[in-house]
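Biologist: Hey, can you pull up the model and talk me through it? I'd like to start with how the helices sit.

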Amino acid sequence: MTYVEVRYTPTDADFREAFAAWDRHTAVGRRSRRAVYTVAVGGTAVAGLLVVLGGTVPLLVALLVVLALLVVLAVPATRVRRVTRAAADKGEFRVLLDDDGVVVSTEASVTEFAWPEQRYYLETPRLFLLLSGNEEAGVLTMLPKRGVDDLRGLGELIDRHATALVPD
């Protein structure tokens with residue numbers, strides 16, 4: 001049986017790239033980004049229109065604009081910090097992939113997934129991301145390319161068992 005091993009300690013850059021790919025290439029990520037940007041742009045447009053028309057900007061609209069901009073700017077960095085901190089407690093990640101599935105081991109735990117539970121994948125310049133069988137779910141397995149000796153074998157194994165998500 002063919003297997004590939006990926007060993008790595010997650011970094012901020014890994015999680016930033018993983019979350020950015022998730023946000024761009026999954027339906028739930030795109031909807032979430034659209035909602036935040038719609039509120040930010042809509043609130044800013046309303047506030048700007050009120051100023052241009054000589055009216056006053058209601059406090060609620062101003063607060064909405066500020067809050068939406070904070071969400072757009074701060075949430076991604078906060079999410080990365082939180083997840084990186086949680087992953088640091090687990091030490092090195094060791095992921096074994098074979099034709100039966102995926103086993104993720106850390107100092108703290110061992111988790112096994114059959115391929116139907118990791119039905120989709122995304123590839124970025126530095127990562128493979130395995131996503132759960134439901135594109136809407138937030139479960140993913142991150143596989144930094146720096147952590148594998150046989151990158152071609154990893155890509156072929158993943159492609160054999162999972163479907164690539166491509167942008168709409």
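Modeller: Sure, and keep in mind this is a predicted model. Let's start with helix H4, residues 151–161, which lies across S5, S6 and S7.

Biologist: At what angle does H4 run to S6?

Modeller: About 20 degrees.

Biologist: OK, and what sheet do those strands belong to? Which order do they come in?

Modeller: The sheet is an open one made of four strands, and the order is S7-S6-S5-S8. Its pairing is mixed. S7 (140–144) and S8 (163–164) are the edge strands, each pairing on one side only.

Biologist: Which strands does helix H1 touch?

Modeller: H1, residues 12–25, packs on the sheet and touches S5 (120–123), S6 and S7. The direction of H1 makes about 55 degrees with that of S6.

Biologist: Let's go through the pairings. Do S6 and S7 run parallel or antiparallel?

Modeller: Antiparallel, with five bridges between S7 and S6, which covers residues 127–131. One contact to look at is Phe128, whose bridge partner in S7 is Leu143.

Biologist: And how many bridges join S5 to S6?

Modeller: Four, and S5 and S6 are antiparallel too. A hairpin of three residues connects S5 to S6.

Biologist: What about S5 with S8, parallel or antiparallel?

Modeller: S5 and S8 run parallel, joined by two bridges. Have a look at Tyr121 there: Ala164 in S8 stands opposite Tyr121, and so does Leu130 in S6.

Biologist: Nice. Switching to charges: how many salt bridges are there?

Modeller: Eight in the structure. One of them is between the side chains of Glu5 and Arg94, at 2.3 Å from N to O.

Biologist: What does the Glu5 and Arg94 pair tie together?

Modeller: Glu5 sits in strand S1 (residues 3–8) and Arg94 in strand S2 (residues 93–98), so the pair links parts that are 89 residues apart in sequence.

Biologist: Are those two buried or exposed?

Modeller: Somewhere in between. Glu5 is partly exposed, with a relative accessible area of 27%, and Arg94 is partly exposed as well, at 33%.

Biologist: And which residue does Arg160 pair with?

Modeller: Asp99, with the closest N and O atoms 3.3 Å apart. Arg160 is in helix H4 while Asp99 is in the loop between S2 and strand S3 (101–105), so this salt bridge ties together parts 61 residues apart in sequence. Asp99 is partly exposed, at 31% relative accessibility.

Biologist: Anything within H4 itself?

Modeller: Yes, Arg152 and Glu156 meet in a salt bridge at 3.1 Å, N to O. Both are in helix H4, four residues apart, which is about one turn of the helix.

Biologist: How open are Arg152 and Glu156?

Modeller: Arg152 counts as exposed, at 66% relative accessibility. Glu156 is partly exposed at 40%.

Biologist: Which residues do shared salt-bridge partners join into one network?

Modeller: Glu5, Arg7, Glu92 and Arg94.

Biologist: Last topic, greasy spots. Which residues make the nonpolar surface patch?

Modeller: Leu49, Val52 and Leu53, and the patch is about 350 Å².

Biologist: Where is Val52, and why does it count as exposed?

Modeller: Val52 belongs to helix H2, residues 27–52. Val52 counts as exposed because its relative accessible area is 68%, and the cut-off for exposed is over 50%.

How values were computed
Residues numbered from 1 in each chain as written. Predicted model: local features only at pLDDT ≥ 70, side-chain atom pairs only at ≥ 80, totals over all residues. Heavy atoms only, no water. Pairing = 2+ DSSP bridges. Contact = heavy atoms within 4.5 Å. Axes fitted to C-alpha atoms, helices over the stretch in contact; angles between N-to-C directions. Patch = residues over 30% accessible without salt bridge, like charges linked within 9 Å, V, L, I, M, F, W, Y side chains within 5 Å. Areas by Shrake-Rupley, 256 points an atom, 1.4 Å probe, with all protein chains shown as cover. Salt bridge = Lys/Arg side-chain N within 4 Å of Asp/Glu carboxyl O. Buried < 20%, exposed > 50% of the residue type's maximum accessible area, 1.4 Å probe, protein only.
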